[in-house]
Amino acid sequence: MDCVVTGGNVKVLAKAIHSLSRIGDELYVEPQEDGLALRSVNSSRSAYACFLFAPLFFSRYHIPSGHAFHCKMAIKSVQAVFRSLASLEKTVEKCHIKLDEQKNRLTFTLHCKHGLLKTHNLSFQDSESLQAVFDKDSCANIFIAQPRLLVDTVMHFPPSLEEVTVSVSDERMWVRNHIDEEGEQSKAMLTELCLASDEFDHFAVQSHNSVTFCLKELRGLLVFAESTGLPISMYFDEPGSPVVLSVTDSVLDGSFVLATLSDDPSLHKNNSTRARTPPPPPPDDFMNDDIDSYLIAMDTSIAPNPSATGPPTPPLANSTCSKQPVAANHRTRLHSEEEEEEEEDEASDSDRPPNKKFCSLFFGSVLPPTSQMSTQPMTGQEVLASDSEDDT
Amino acid sequence: MPLSTQSQADDEQYVLVASLDNARNLSNILKAITFKDHAIFSATPNGLKVTVEDSKCLQANAFIQAEIFQEFTIRDDLVGFQVNLTVLLDCLNIFGGSTVPGVSTALRMCYKGYGYPLTLFLEEGGVVTVCKINTQEPEEPIDFEFCSTDVTNKVILLSESLKEAFSELDMTSEVLQITMSPSQPYFRLSTFGNSGNAHYDYPKDSDMMELFKCTKTQTNRYKMSLLKPSTKALALSCKVSVRTDSRGFLSLQYLVRNDDGQICFVEYYCCPDQEVEEE
């Protein structure tokens, strides 16, 4: 691999890497015919992001012919190459990315002002290609917004907030903080914003649903979208199936796929009827009964689930996970790195650990998420913990 | 207390009296060498030299020439004492170290001699604070025997270009390797960290390079932890001179311009991180 990025594109590349660092600890570098793909997935596999830079993005783009090359590396070390984001535009004239297969080094050379040359030789590991399976075009709800709109919306939520819930009707979108059923409700504060459809560039709703997903990754994408000024498209279906956020222009394409909180079928019914009535009641009742009933529903949604209450003999690996998210993450990562497909099969016929939150649906090579989800919402590889491990 | 009359009357007894209209001119430059508590002060009629050392491998000197002071009276050829630098800096900033233009702390620093405390009179907006800092037995600073006639390689760079490199240095690397050479790569900073290595190359004809005088290719490693404090001096400075001698000892000289546009110098000496080659 031998590519050269010049001028303002260096900053775009750097911003993309920084927003990928919000997702996971590793950067998957995959030079392809159709461009350079940079991907990352979080340890619990509930969030995935990919940037594809078309060959035209580069002033030179050569990839190894004959065999496909994939590697992964610590994202921190790549971030270090582009550490001073603010001055990057002013100082860096050219960035040269070159692969030395003999030495197993990926070399980033920054040609800076005043002839300063910064060379970073980074070690990498071979890896399989990282691919998420998702079909954003089949999603029922599609929105396109300028980054500013979402930035201004997200700004109202505290940095410590992990998840937001997005509900939609034909005319409006509500964004509110998600309150964990385990959290102390007396201390919980609810923040909700209502966006009218005319604030969006495109607003198409087919199913009145609410989805809950992690905010951290969304913030990561927003940083990128804001600096490039690209509009953000958002696609989602129903609770439990992923929400896809994407930015596109002629030379790059970025997609963030985030798991949403899954619903029990009983709750789902409850939820969708609720959603069909004009969703959010006035704020004061909201605190009193709506959230309560919602939370109760969430609560009971765990109990009646046969697989959750079922025999406490899930495969050893999974059973140890539920109470120890850290260990669990570790396991998933180790286990699933190179064998997503295998794991997928294994996971789908194993029982899921009881207190799961997000379904990680994207690595399913088995069935398209939509059909699978509507009939058997609990299949698919389960996420073992929310991806908050590096929230500090 | 009638401070002014008292200090006037006492002036005779002091071996050293130094006054500054703006105490920041002293505190700023002292910050550039603050990495250990103990600072050795040596005053001569030429000015004040403050020395801080670490592990017998690193020495930093700040020079404040007599001209920087509005008053600099010394009754001996050499007056030496040692004080706790952190305490001294706290005293110099006792009014908060405001950076608002037009507001400055005036300083009068007096020392009676061996066994006496260092007395600081600080005044801002008509309020006077008197600080007395106990002095300690002055230690003998290490002589690094860095002789300018033995300098093998020397470059002078605008600090701006090094600041960026130092702020980005991979701190997982234990050492910073400096290569100076009359041919490629001329002047190179390298780190060897967890995730790989990194090199920063400065060509000799860069407009950041004010002087390039390298006679021989030299590659030396210096402990990152030792060099890290010098970043403070770099941040204040406008130019830096990097020199190595035949033993691989490193001298970093920083030219610092103070609030009033006057020039002071800060100097760091550092031992290389390997057995000293035969001299």
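Two strands pair if DSSP finds at least two bridges between them. The views below all come from a predicted model.

**View 1. Strand S3 of chain A, with S4(A) alongside.** Here S3(A), residues 35-41, meets S4(A), residues 47-53, through 6 bridges, and the two run antiparallel. To get your bearings, pick out A:Leu38, whose bridge partner in S4(A) is A:Phe51. Follow the chain round and you'll pass through a hairpin with 5 residues between the strands. A:Arg45 sits in that turn, with a positive phi of about 60°.

**View 2. S3(A) again, now with S2(A).** Strand S2(A), residues 26-32, is joined to S3(A) by 5 bridges, again in an antiparallel arrangement. One pair to look for is A:Tyr28 and its bridge partner in S3(A), A:Arg39. The hairpin linking S2(A) to S3(A) goes through 2 residues. As for cover, S3(A) has 7 of its 7 residues buried.

**View 3. Helix H4 of chain B.** This helix spans residues 159-168, and 7 of its 10 residues are buried, so the rest of the structure largely encloses it. Among the buried ones are B:Leu162, B:Ala165 and B:Phe166, along with B:Glu164 and B:Glu168.

**View 4. B:Asp245 and its surroundings.** B:Asp245 belongs to strand S16 of chain B, residues 237-245. Its relative accessibility is 0%, so B:Asp245 counts as buried; the cut-off is under 20%. The B:Asp245 side chain reaches the backbone nitrogen of B:Phe249 at 3.0 Å. Leaving aside residues up to four places away in sequence, B:Asp245 also touches several others, including B:Glu145, B:Phe146, B:Asp150 and B:Gln218.

Conventions: Residues are numbered from 1 along each chain as its sequence is written. Chains are lettered from A and ligands numbered from 1 in the order in which they are written. This is a predicted model: local features need pLDDT of at least 70, side-chain atom pairs count only at pLDDT 80 or more; totals for chains, interfaces and linings use all residues. Side-chain values use heavy atoms; hydrogens and water are left out. Buried means under 20% relative accessible area, exposed over 50%, partly exposed in between (1.4 Å probe, protein chains only). Helices (H or I, at least four residues) and strands (E, at least two) are DSSP runs, numbered from the N terminus. A polar contact is a pair of N or O atoms within 3.5 Å; within protein, one must be able to donate a hydrogen and the other to accept it, and residues adjacent in sequence count only if both atoms are side-chain atoms. Contact means heavy atoms within 4.5 Å.
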